[in-house]
Every structure is written in C-alpha cells, then in structure tokens.
Amino acid sequence: MKKIIYNKFDKSRISGLPRVTFNGRIIVVQTEDDAEKAVSYLLTKPLLGIDTETRPTFKKGITHQVALLQVSDEDTCFLFRLNIIGMSPAVIRLLEDQSVPKIGLSLTDDIMMLHKRADFTVGRFIDLQDYVSELGIMDKSLQKLYANVFGQRISKRQQLSNWEIHELKDKQKLYAATDAWACLKLYKALKAMKESGDYELVVVPEPEPVKEEQEQVKEENI
C-alpha cells in the first residue's frame, strides 16, 4: 500500500496528532574542549540533523545573535551554546565540513545568523525546503512536514523562550534536540519515498474565493 502524503497539510489537524519528542542522549556543550570532542564524534556519522535557536526579541530595533546550534544523529544530540563558547574552531570545522551531509530547514536563515557570529565557508548542507518541493510538497514548516510524513506532532511551545538563559531548562533541551533530530528523520523518510516511488501525492484543492471576492471579480469584468 502506497504512503499518502499531501501537497499541503491541514494545520487544524496537527493539534489532534500524537506528540513526538527526541528520546536519545542530549549533551550540552559549553567549553571548547567539549566542542572538539563533540565534533569529532559527529563527523564519524553518515548524516546529521541541524538547527539553531536565537533569543527572541519583543522590542523594535533590538536583535540577538544566534545562541544555540543543535546537531543530532539518530540517538545523540549536541547542543552547542554559542552564546558561551562562541564560534570555536571545532564549530567552524563542523560547519565547513564537506564529507557529512547536514540536514536542516530554512538553512539560508540559519547560515546567515551563524555568519553574523563568524566568517566561514559553508560546507555540505541539504535544505529540506528545497528537497520536499521535488516531491510536490508545498509546506515549508517543520511541524507541518513532520505531521504530513509521520502523522505526529512536534510541539513549538519553547520556540520563543530565552535561549541565553544561564542554564537551559529540560524542556528547552528537548525542544532543540527534537527539531534537529526531526530534520534528519524527515530527510531519510523522504529520500526512501523518492527512491522507491512508493507514495501517492494528494493535491488539496485551493479554497474557493469568498462571496465578496467573487462579486468584486464580476464587477471588474462588467
């Protein structure tokens, strides 16, 4: 039986789906020595999921630098606290690496934010937003994509929390790790579907214009 996916997933359905979270090891990296060890471990893996978090701002004209870089394999996620260790040589080595594909979502934004911390040559990255379009999926958010492919819900409650807090809360750690890991899981599932062709894309009809818009179109055509 072919797997059913949608070109656009109904957002209203997400709240009713079972929640999914990363259930592996989460390791917080706050020293350059630990960053070296973490990167050496990560670069032995065939694929990595990647994401960033930045402290939100609620006042016009105030911005913050990216505070967290999370990188995950299937069962271990490292949270690099860039607001503490900065763009250490190990972090730069990871970002410039050309051997291990690093899977993320909206990577242009993430890389732009990382470049504000330090200059580096962009390594091997794969953006899920580009990848899903090849299968006819139009959604761009991680939450919608994961719901579409796996029928599970990723919570976004911690997204606007303070990522520069002295000690990350357990809920923040889990949220950050889940996002990076989910990118990896999505890529592997989508790649398998693409290679096997064992899926069916359901195109959701566009909603009809509301009555006022229809009347306006009639008037313009008179």
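Biologist: In what order do the strands of the sheet stand, and is the sheet open or closed?

Modeller: In this predicted model, 6 strands make an open sheet, ordered β2-β5-β4-β3-β6-β7, with mixed pairing.

Biologist: Which strands stand at the edges?

Modeller: An edge strand is one with a single partner, so one of its sides has no neighbour in the sheet; here the edges are β2 (25-29) and β7 (125-127). From one strand to the next, the twist averages 25°.

Biologist: In which sense do β3 and β6 pair?

Modeller: Strand β3 (residues 48-54) and strand β6 (residues 102-104) run in the parallel sense, joined over 2 bridges. Gly49 stands opposite Ile103 in β6.

Biologist: Which strands does helix α3 touch?

Modeller: Helix α3 (residues 89-96) packs on the sheet and touches β3, β4 (66-72), β5 (76-81), β6 and β7. The direction of α3 makes about 60° with that of β4. Helix α7 (residues 170-196) also packs on the sheet, in contact with β2, β3, β4, β5, β6 and β7. The direction of α7 makes about 140° with that of β3.

Biologist: How many residues has the largest nonpolar core, and which element gives the largest share?

Modeller: The largest nonpolar core has 36 residues, and α7 supplies the largest share, 13 residues. Among the residues with the most contacts inside this core are Trp163, Leu186, Tyr187 and Leu190.

Biologist: What is Tyr187 in contact with, leaving aside its neighbours within four places in sequence?

Modeller: Tyr187 is in contact with Leu47, Ile103, Ile126, Leu128 and Tyr131. A second, separate core has 28 residues, including Ala35, Val39, Met87 and Ala90.

How values were computed
Residues are numbered from 1 along each chain as its sequence is written. This is a predicted model: local features need pLDDT of at least 70, side-chain atom pairs count only at pLDDT 80 or more; totals for chains, interfaces and linings use all residues. Side-chain values use heavy atoms; hydrogens and water are left out. Two strands pair if DSSP finds at least two bridges between them. Helices (H or I, at least four residues) and strands (E, at least two) are DSSP runs, numbered from the N terminus. Axes are lines fitted to C-alpha atoms, for helices over the stretch in contact, and angles run from 0 to 180 degrees between N-to-C directions. Contact means heavy atoms within 4.5 Å. A nonpolar core is a set of buried Ala, Val, Leu, Ile, Met, Phe, Trp, Tyr and Cys residues joined through side-chain atoms within 4.5 Å. Buried means under 20% relative accessible area, exposed over 50%, partly exposed in between (1.4 Å probe, protein chains only).
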